[in-house]
Amino acid sequence: MLTDLAARVNGDANLIRRGRYVNTTFLIAIDDAYHLVRVAEGRIVAITPGPFITPNYSFALHASRDAWDKLWSPKPLPGFTDFFALVKKKLLRIEGDLHPLMSNLLYFKGVLAAARQPQEKAA
């Protein structure tokens, strides 16, 4: 799921510009699989898979694999188009210091949207 995330984010000049002041580490939890995503000046510099004993991150996004799959599908269903929609449906939990997330909300929405699977092109 997160294998191409760094390349997709780092290849998007507009997203890098939007996140040029973002320097943080956040955690994405997919069921019991944890991933630390380190961001430096808007670029993803590392995605480290868990398990972790005491991970250091500013905020964490916890959801089931099914919820992430629906969010990251090529054409997400209504109610699964944005990670805040998952929060509203009580399928995603945000914890930790929300300041980096909320002060750079469009950047993080773009990062999570970059994980979306590309849509198949019609031949």
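**Salt bridges, strand pairing and the nonpolar core**

In this predicted model, D4 and R8 are joined by a salt bridge in which the closest N and O atoms lie 3.9 Å apart. Both partners fall between the limits for buried and exposed residues: D4 has a relative accessible area of 41% and is therefore classed as partly exposed, and R8, at 26% relative accessibility, belongs to the partly exposed class as well. Side chains of opposite charge can pair when their charged atoms come close.

Four salt bridges are counted by the distance rule applied here. One of them connects K109 with D82, with 3.5 Å between the closest N and O atoms. This pair links distant parts of the chain, since K109 belongs to helix α6 whereas D82 lies in the loop between α3 and α4, the two being 27 residues apart. K109 is itself partly exposed, with a relative accessibility of 27%. A further salt bridge brings together the side chains of R93 and E95, at an N to O distance of 3.6 Å; of these two residues, E95 is partly exposed at 29% relative accessibility, and R93 is likewise partly exposed, at 45%.

Turning to the strands, β1 is paired with both β2 and β4, although the direction of pairing differs between the two partners. Strands β1 and β2 run antiparallel and are joined by eight bridges, among them the one that places T24 opposite V39 of β2. The two strands form a hairpin with two residues between them, and D31, which is located in the turn, has a positive phi of about 55°. Strand β4, by contrast, runs parallel to β1 and is connected to β1 through five bridges, with I28 standing opposite L61 in β4. Strand β1 is mostly covered, in that seven of its eight residues are buried.

The largest nonpolar core comprises 30 residues, of which V9 and W68 touch the most other members. Two or more residues of this core are supplied by each of the helices α1 (5-10), α2 (13-18), α3 (65-71), α4 (83-88) and α6 (105-114), and likewise by each of the strands β1 (23-30), β2 (33-40) and β4 (59-63). The greatest contribution comes from α6, which gives five residues to the core. In soluble globular proteins, nonpolar side chains tend to be buried together. Helix α6 thus appears in two settings, as the element that gives the most to the core and as the helix that holds K109 of the pair with D82.

Conventions: Residues numbered from 1 in each chain as written. Predicted model: local features only at pLDDT ≥ 70, side-chain atom pairs only at ≥ 80, totals over all residues. Heavy atoms only, no water. Core = buried A, V, L, I, M, F, W, Y, C linked by side-chain atoms within 4.5 Å. Buried < 20%, exposed > 50% of the residue type's maximum accessible area, 1.4 Å probe, protein only. Helix = DSSP H or I, 4+ residues; strand = E, 2+ residues; numbered from the N terminus. Pairing = 2+ DSSP bridges.
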